[in-house]
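Dear colleague,

I am handing over the structure we spoke about, and below it you will find my notes on what turned up in it. Please read them with the model open beside you.

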Amino acid sequence: MNKGPVSQFITHHYRHFNAAALVDAAKGYETHLLEGGKMMVTLAGAMSTAELGISLAEMIRQDKIHIISCTGANLEEDIMNLVAHDHYERLPNWRDLTPQEEWDLLERGLNRVTDTCIPEEEAFRRIQKHIHQAWKDAEAKGERYYPHEYMYQILNSGVMKEYYQIDPKNSWMIAAAEKNLPIVVGGWEDSTMGNIFASYVYKGELQASTMKSGIEYMVWLANYYKENSAGKGIGFFQIGGGIAGDFPICVVPMMYQDLEMHEIPFWSYFAQISDSTTSYGSYSGATPNEKITWGKLDIHTPKYIIESDATIVAPLVFAYVLGW
């Protein structure tokens with residue numbers, strides 16, 4: 001592939017330290033795909049609100065990503081940005097806000113994520129109306145789905161189109177829904193829609209069983225891994241830390257140790273973008289070698305750590321893989 005100007009820039013200028021690690025990880029990602037491997041990408045933090053979808057959606061469309069693990073927040077916040085983008089407010093001086101100014105934002109229905117405020121009424125409530133109907137319809141039919149499947153239903157049905165405020169090609173959830181891309185969401189309850197669903201269960205309006213659980217996600221992932229890890233295997237590109245990364249990477253030791261599937265291969269590529277301080281007390285700050293001791297990575301698995309801001313780094317890695 002002839003590389004475009006962004007790729008040419010980083011390969012020429014990014015020669016040392018974290019810059020070189022970025023190029024190495026991008027080249028390793030490309031090599032993994034060229035050799036027939038598949039790739040999981042995990043999304044922690046607020047990548048959707050950071051509008052990573054501008055590059056992530058194209059990665060999905062071009063089959064550079066085969067499965068995603070994300071937080072419940074990233075699952076919903078891409079759709080929030082899709083339907084309420086014009087109502088978002090950016091606060092460049094966010095470091096200087098006083099507690100009173102933060103309270104004033106709350107009273108205006110603005111929930112702040114660093115320098116960006118998500119408008120509650122336009123973002124949350126527009127989705128709530130339609131997702132609640134999808135939950136009710138499923139329960140009435142005695143059907144159960146995963147959190148991301150309900151999101152796919154409302155996107156594929158077209159009921160949200162009247163609200164679109166960005167180019168749909170920049171929504172990674174639309175790209176994923178169109179391909180029915182596999183997604184796992186550990187701890188979905190820790191999200192706005194998860195909280196809303198729990199409130200309906202609390203009020204007796206819905207049953208908890210209408211939503212498939214994290215345990216069911218893990219069992220599904222074990223089957224997916226077993227069916228797709230032959231040959232070059234499945235790589236693991238981790239953005240941030242936390243449950244989005246730790247939940248899916250554990251499927252390998254679970255299968256090896258608890259299911260005694262001793263023929264199951266390790267993850268065949270690993271890269272992490274994190275600005276967490278390297279330490280041996282936190283998952284996000286653990287070096288890749290620590291994962292060897294937990295049966296997640298092999299001694300020979302290519303391993304890359306880019307210690308930097310994912311909102312800067314991830315689009316550059318994706319740009320290289322896409323040939324931009």
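Thr114 counts as partly exposed, because its relative accessibility is 42%, where buried means under 20% relative accessible area, exposed over 50%, and partly exposed in between (1.4 Å probe, protein chains only). Thr114 is found in the loop between β4 (110-113) and β5 (116-119), and its phi is near 55°, a positive value in a residue other than glycine. Helices here are DSSP runs of H or I with at least four residues, and strands are runs of E with at least two, numbered from the N terminus. Another positive phi belongs to Phe17, which is not a glycine either and has a value near 60°; Phe17 has its place in helix α2 (residues 17-34) and is exposed, with a relative accessible area of 77%.

Please keep in mind that this is a predicted model, in which local features need pLDDT of at least 70 and side-chain atom pairs count only at pLDDT 80 or more, while totals for chains, interfaces and linings use all residues. Residues are numbered from 1 along each chain as its sequence is written, and side-chain values use heavy atoms, with hydrogens and water left out.

Thr114 also appears in the largest pocket, which has a volume of about 610 Å³ and is lined by 28 residues, with Ala46, Met47, Ala50, Thr114 and Thr311 nearest its centre. The search runs on a 1 Å grid over the protein atoms alone: a pocket is an open set of points with protein on both sides within 12 Å along at least five of seven lines, a cavity is a set of points where a 1.4 Å probe fits but cannot get out, and lining residues have an atom within 4 Å of a point. Grid points are joined across faces, edges and corners, and a volume is the space filled by probe spheres set on the points. Both β3 (89-90) and α14 supply at least two residues of the pocket lining, which divides into nine nonpolar, 13 polar and six charged residues. In these classes Ala, Val, Leu, Ile, Met, Phe, Trp, Tyr, Cys and Pro count as nonpolar, Asp, Glu, Lys and Arg as charged, and the others, Gly among them, as polar.

As for closed spaces, the whole structure holds two cavities of 30 Å³ or more. The largest cavity, with a volume of about 40 Å³, has a lining that includes Ser48, Gly53, Asp78 and Asn170, and its classes are three nonpolar, four polar and two charged residues. The second largest cavity, of about 30 Å³, is lined by Ile131, Trp135, Pro147, Tyr150, Met151, Trp188, Met193 and Met211; this lining has eight nonpolar residues, with no polar and no charged ones, and α7 gives the most to it, with three residues.

Thr210 lies in the loop between α9 (192-202) and α10 (214-228), and it counts as buried because its relative accessibility is 3%. Leaving aside residues up to four places away in sequence, Thr210 touches several residues, among them Trp135, Tyr150 and Phe197, where contact means heavy atoms within 4.5 Å.

The largest nonpolar core has 97 residues, and Trp172, Phe237 and Ile239 have the most contacts inside it. Helix α14 (residues 310-322) gives the most to this core, with nine residues. A nonpolar core is a set of buried Ala, Val, Leu, Ile, Met, Phe, Trp, Tyr and Cys residues joined through side-chain atoms within 4.5 Å. With residues up to four places away in sequence not counted, the contacts of Trp172 include Ser48, Gly53 and Asp78.

Finally, an open sheet of six strands runs in the order β6-β2-β1-β7-β8-β9, with parallel pairing, and two strands pair if DSSP finds at least two bridges between them. Its edge strands are β6 (183-184) and β9 (303-306), each of which pairs on one side only. Strand β2 (residues 67-70) is joined to β6 by two bridges, and Ser69 stands opposite Val184 in β6. At the other edge, strand β8 (residues 270-273) and β9 pair over four bridges, with Ala271 opposite Tyr304 in β9. The covered face of β9 has Tyr304 and Ile306, whereas Lys303 and Ile305 are on the uncovered one.

With best regards
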